[in-house]
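Please open the model in a viewer and keep the selection tool at hand. The tour goes from the whole chain to single residues.

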Amino acid sequence: MNDRSGPVVGIIPAAGRGVRLGETLPKAFVELDGRTMLDRAVHTMIDSGTVDRVVIVVPPELAGTPADELVGTGPAGRVTVVAGGAERADSVRAGLDAAGDARFVLVHDAARALTPPDLCARVTWALRDGKDAVIPVLPVADTIKSIDTDGQVTGTPDRATLRAVQTPQGFDVALLRRANGDAGDATDDAGLVERLGEPVHTVAGDPLAFKITTPLDLVLARALLASGTAARESAEREQER
Ligand code: C5P
């Protein structure tokens with residue numbers, strides 16, 4: 001299908017119970033400066049001006065929650081809330097099932113709560129421009145080693161060829177549906193597309209799209225918000241567009 005127009009739907013899998021942050025709530029529902037990570041992630045997608053609707057995938061017991069309770073009245077009319085599954089890939093599938101007439105989907109981690117809207121736009125533009133699978137990446141600062149089960153080093157990949165992967169990851173909807181059908185417990189949607197032998201393209205990521213996983217990440221995210229750095233840098237990116 002070569003028509004690159006048609007709706008773009010965001011999918012936010014937020015049905016995990018991950019408690020690595022040390023908080024009692026599932027990660028997506030942890031607040032940063034009075035707003036949940038989920039709320040921030042939805043606004044990022046809508047504010048990009050390139051995402052038409054967003055499907056939020058939540059733990060089954062929260063699936064009846066009205067959208068405006070999760071994201072406020074602003075974007076609520078463009079948000080659908082559905083129940084997730086046992087594994088992340090099941091939750092993405094539930095999101096795909098609710099994506100209706102989507103031409104493209106952007107799968108985004110709520111945990112990347114400070115992602116600038118500009119990054120979502122970059123992914124969408126690459127899809128519109130002819131790519132069927134697009135991921136944002138950054139160069140890695142550390143040298144990366146592979147190790148065996150005893151912790152002994154087995155190799156040192158050339159750092160120049162390595163990239164750290166962020167979200168949103170963007171896909172032709174039919175391609176992701178095909179890739180997701182045999183997902184098992186995969187945590188990376190682009191990896192499933194690679195498994196099919198289909199090309200995955202990269203666009204420049206953004207340091208602000210870091211994944212808030214540990215208590216240290218949470219400290220950094222709160223400090224960035226308190227100092228106004230996140231908002232300022234996001235606005236600068238917007239002006240450069
Ligand atoms: O645990 P991890 O950080 O890899 O989870 C990535 C994302 O996938 C989280 O936002 C989590 O809520 C989501 N997830 C999900 N359904 C699951 C497991 C994880 O939506 N069954």
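The stops below begin with the overall fold and end with two backbone details.

**The whole protein**

Start with everything selected, and keep in mind that this is a predicted model. Coloured by secondary structure, the protein shows nine helices and 12 strands. Its radius of gyration is 18 Å, close to the 18 Å that the globule rule gives for 241 residues, so the protein is as compact as a globular protein of that length. Switch to the C-alpha trace and turn it along its principal axes: the spans are about 50 × 45 × 40 Å.

Contacts come next. Of those with a separation of 6 or more, 72% are between residues 24 or more positions apart.

Now show the surface. The protein exposes about 11400 Å², and 51% of that comes from carbon and sulfur atoms. Buried residues account for 48% of the 241 residues. If you colour by charge, look for 26 positive and 35 negative charges; the mean positions of the two sets lie 2 Å apart.

**Helix α4**

Select residues 88-97, which form helix α4. Which of its residues are buried? They are Ala89, Ser91, Val92, Ala94, Gly95 and Leu96. An α-helix has 3.6 residues a turn, so residues three or four places apart point the same way. To see what covers the buried residues of α4, add the strands β1 (8-13), β4, β5 (79-83) and β6 (104-107), then the helices α6 (173-180) and α7 (189-195); these are among the covering elements.

**Thr65**

Move to the loop between β4 (53-58) and α2 (67-71), where Thr65 is found. Is Thr65 buried or exposed? Its relative accessible area is 17%, which is under the 20% cut-off, so Thr65 counts as buried. Select Leu62 as well: its backbone oxygen lies 2.5 Å from a polar atom of the Thr65 side chain. Leaving aside residues up to four places away in sequence, Thr65 touches Leu70 and Val81.

**Two backbone details**

Select Thr167 and Pro168, which are joined by a cis peptide bond with an omega of about 10°. Pro168 sits in the loop between β10 (163-165) and β11 (169-172).

The last stop is Asp33, in the loop between β2 (31-32) and β3 (35-36). Asp33 is not a glycine, yet it has a positive phi of about 50°. With a relative accessible area of 60%, Asp33 is exposed.

Technical notes: Residues numbered from 1 in each chain as written. Predicted model: local features only at pLDDT ≥ 70, side-chain atom pairs only at ≥ 80, totals over all residues. Heavy atoms only, no water. Helix = DSSP H or I, 4+ residues; strand = E, 2+ residues; numbered from the N terminus. Rg over C-alpha atoms; globule rule 2.2 N^0.38 Å. Buried < 20%, exposed > 50% of the residue type's maximum accessible area, 1.4 Å probe, protein only. Contact = heavy atoms within 4.5 Å. Areas by Shrake-Rupley, 256 points an atom, 1.4 Å probe, with all protein chains shown as cover. Lys, Arg positive; Asp, Glu negative; His and termini not counted. Charge placed at Lys NZ, Arg CZ, Asp CG, Glu CD. Polar contact = N/O pair within 3.5 Å; in protein donor to acceptor, adjacent residues only side chain to side chain.
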